[in-house]
Amino acid sequence: MQYDVIVVGSGPGGYVSAIRCAQLGLKTAIIEKYNSFGGTCLNVGCIPSKALLDSSEHFHNAKKNFTDHGIDLKDLSIDFKKTIARKDDVIAQNTAGIAYLFKKNKIDSYIGLGTIVKENTISIEGEKGEKKELTAKNIIIATGSKPTELPFLPVDKKRIITSTEALSLKEIPKELIVIGGGVIGLELGSVYARLGSKVSVIEYAPSIIATMDAGLGKELQRVLKKTLGMQFHLSHKVKEAKVKGKKVSVIADNKKGEEVTFEGDYCIVSVGRSAYTKGLGLENIGVKVEERTGKILVDENLETNVKGVYAIGDVINGPMLAHKAEDEGVFVAELLAGEKPHINYNLIPSVVYTWPEVASVGKTEEQLKEEGTKYKTGSFPFKASGRGKASGDTDGFVKILADKESDEILGVHMVAPRAADLIAEVTVAMEYRASAEDIARICHAHPTFSEAVKEAALDATAKRPIHI
């Protein structure tokens, strides 16, 4: 079968790219290794984790916060099997939706391991070993990533687990150890802390969410410790983990070089993700990869060194974010259709779905200092927000960084209720190179969480905040 485009991988990058290719009139096929479409994001990542985060947030609020509103509940309990079943149903709905979109857009979908065997040709091997070959003018690689494993800490998927297994536990751990204070570890740690687990986070760096603006990690750590009782052990180097019966012991060196031991029922290893290209056959046509990371090397058009072969999402450099993969998928599709798309990598927002949420876009203060850029800062705390007081969400802040001379917004960082939604306003503004004063002069509905963005902008322009 001959196609204009074959997409390998049906995660956010792959399925969005395939749909956009089809919309633009390109004869398109998509190949997925597993029996379910949607990749990591829909099956064992973004979507199921958010389902569990929402369920656990409801339980936590009912247990801890409802009494503040005059709502008293007796004999509160959680049916964890039903919680997991709801998560599975959310996954099923989303993956079925993708299958529907493939059919609607006349995209041929194939289940099996897709291997590039020669130029413009992919062989698909099904579950029973049956094979077929497809050819295409262009190939888009969107095979995503998998959890990174530490060589000295083997994952047994029973007691020492990754984020994948953490989404389908049969019980709520009494004590949970999380290795890694990044996005995945903090989100899953939050889920189980809300449900009653004693959670200990072990992080090699001196702060959590270390790649984001430094102020965000400090505030989030304070809030998670205060509201959920999560314990943080920073500047700790994990050396090994041992399983004995139903217990896990994690051994690490603290910042003084002293050996310390942590014990729990389960240990989640969440130290990042690695590009997944196993069985893809890149070597068969000479596609170049980065030696250390295994990531596929691409040019400014996301094309590899082999003409007509493109790569997007987690298999190439850049943040491993679903929305980044989606933008890249659309970019390649439109490029192949003769259009002139663009991506501004500086304006891809990052979000941590704890509560409060964390969101960031643009430059951090640390980056601006390193670059020697002269900037000014404006901030606003949610303890001064009228809407925050009404809802009980008074932790966090919004910080805006603007050019000292032109007032152009260079970066926005927030720990805030619904930060994942609030960040969109400033991302739009920054795409149009807006100034802090532009946002300060835009009318925001009152009372809302979004007013905090306006107040931070007022502060950045040396005008005093005017709302509560």
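Which residues are buried in H14? In this predicted model, the buried residues of H14 are Glu451, Ala452, Val453, Lys454, Glu455, Ala456, Ala457, Leu458 and Ala460.

**Helix H14 and its surroundings**

Helix H14 spans residues 451-460 and is mostly covered, with 9 of its 10 residues buried. Several elements pack against these buried residues: strand E20 (375-381), strand E21 (397-403), strand E22 (409-416), helix H12 (419-431) and helix H13 (436-440). Just after H14 comes Ala462, whose phi is positive, at about 70 degrees.

One point of contact can be followed from the side of helix H13, where Ala440 lies. Ala440 counts as buried because its relative accessibility is 7%, and the cut-off for buried is under 20%. Leaving aside residues up to four places away in sequence, Ala440 touches Lys454, Ala457 and Leu458. Those three residues are among the buried ones of H14. Gly257 is 183 residues from Ala440 along the chain, and the C-alpha atoms of the two are separated by 49 Å.

**The antiparallel sheet**

H14 lies across E20, E21 and E22, and it runs at about 140 degrees to E20. These strands belong to an open sheet of 5 strands in the order E18-E19-E22-E21-E20, with antiparallel pairing. At the edges are strand E18 (350-352) and E20, each of which pairs on one side only. From one strand to the next, the twist averages 10 degrees.

At one edge, E18 pairs with strand E19 (residues 357-362) in the antiparallel sense over 3 bridges. Ser350 has Ser360 in E19 as its bridge partner. Helix H12 also lies across part of this sheet, namely E18, E19 and E22, and runs at about 10 degrees to E19.

**The parallel sheet**

Another open sheet has 5 strands in the order E8-E15-E9-E10-E11, and here the pairing is parallel. Its edge strands are strand E8 (160-161) and strand E11 (231-233), each pairing on one side only. Within the sheet, strand E9 (residues 175-179) and strand E15 (residues 266-269) run parallel and are joined by 4 bridges. Ile177 has Cys267 in E15 as its bridge partner. Helix H6 (residues 183-194) packs on the sheet and touches E9, strand E10 (198-202), E11 and E15. The direction of H6 makes about 165 degrees with that of E10.

**Strands E12, E13 and E14**

Strand E13 (residues 247-253) is mostly covered, as 5 of its 7 residues are buried. E13 forms a hairpin with E12, with 2 residues between the strands, and Gly245 in that hairpin takes a positive phi near 65 degrees. E13 also forms a hairpin with E14, with 5 residues between them, and Gly257 in the turn has a positive phi of about 85 degrees. The pairings of E13 are set out below.

| Strands | Sense | Bridges |
|---|---|---|
| E12 (residues 237-244) and E13 | antiparallel | 7 bridges |
| E13 and E14 (residues 259-264) | antiparallel | 6 bridges |

Individual residues can be located in both pairings. Val238 has Ala252 in E13 as its bridge partner, while Val250 stands opposite Phe262 in E14.

**The second largest pocket**

What is the volume of the second largest pocket? The volume is about 630 Å³. The pocket is lined by 24 residues, and the closest to its centre are Asn61, Asn65, Trp355, Gly392 and Asp393. Helix H3 (46-65), helix H7 (214-228) and helix H11 (386-391) each supply at least two residues of the lining. H3 gives the most, with 5 residues. By type, the lining divides into 8 nonpolar, 9 polar and 7 charged residues.

**Leu24**

Leu24 lies in the loop between helix H1 (12-23) and strand E2 (28-32). Is Leu24 buried or partly exposed? Leu24 counts as partly exposed because its relative accessibility is 24%, and partly exposed residues fall between the limits of 20% and 50%. Not counting residues up to four places away in sequence, Leu24 touches Ala333, Glu334, Ala337 and Glu339. Leu336 is 312 residues from Leu24 along the chain, yet the C-alpha atoms of the two are separated by 9.2 Å.

Technical notes
Residues are numbered from 1 along each chain as its sequence is written. This is a predicted model: local features need pLDDT of at least 70, side-chain atom pairs count only at pLDDT 80 or more; totals for chains, interfaces and linings use all residues. Side-chain values use heavy atoms; hydrogens and water are left out. Buried means under 20% relative accessible area, exposed over 50%, partly exposed in between (1.4 Å probe, protein chains only). Contact means heavy atoms within 4.5 Å. Two strands pair if DSSP finds at least two bridges between them. Axes are lines fitted to C-alpha atoms, for helices over the stretch in contact, and angles run from 0 to 180 degrees between N-to-C directions. On a 1 Å grid over the protein atoms alone, a cavity is a set of points where a 1.4 Å probe fits but cannot get out, and a pocket is an open set with protein on both sides within 12 Å along at least five of seven lines; lining residues have an atom within 4 Å of a point. Grid points are joined across faces, edges and corners, and a volume is the space filled by probe spheres set on the points. Ala, Val, Leu, Ile, Met, Phe, Trp, Tyr, Cys and Pro count as nonpolar, Asp, Glu, Lys and Arg as charged, and the others, Gly among them, as polar.
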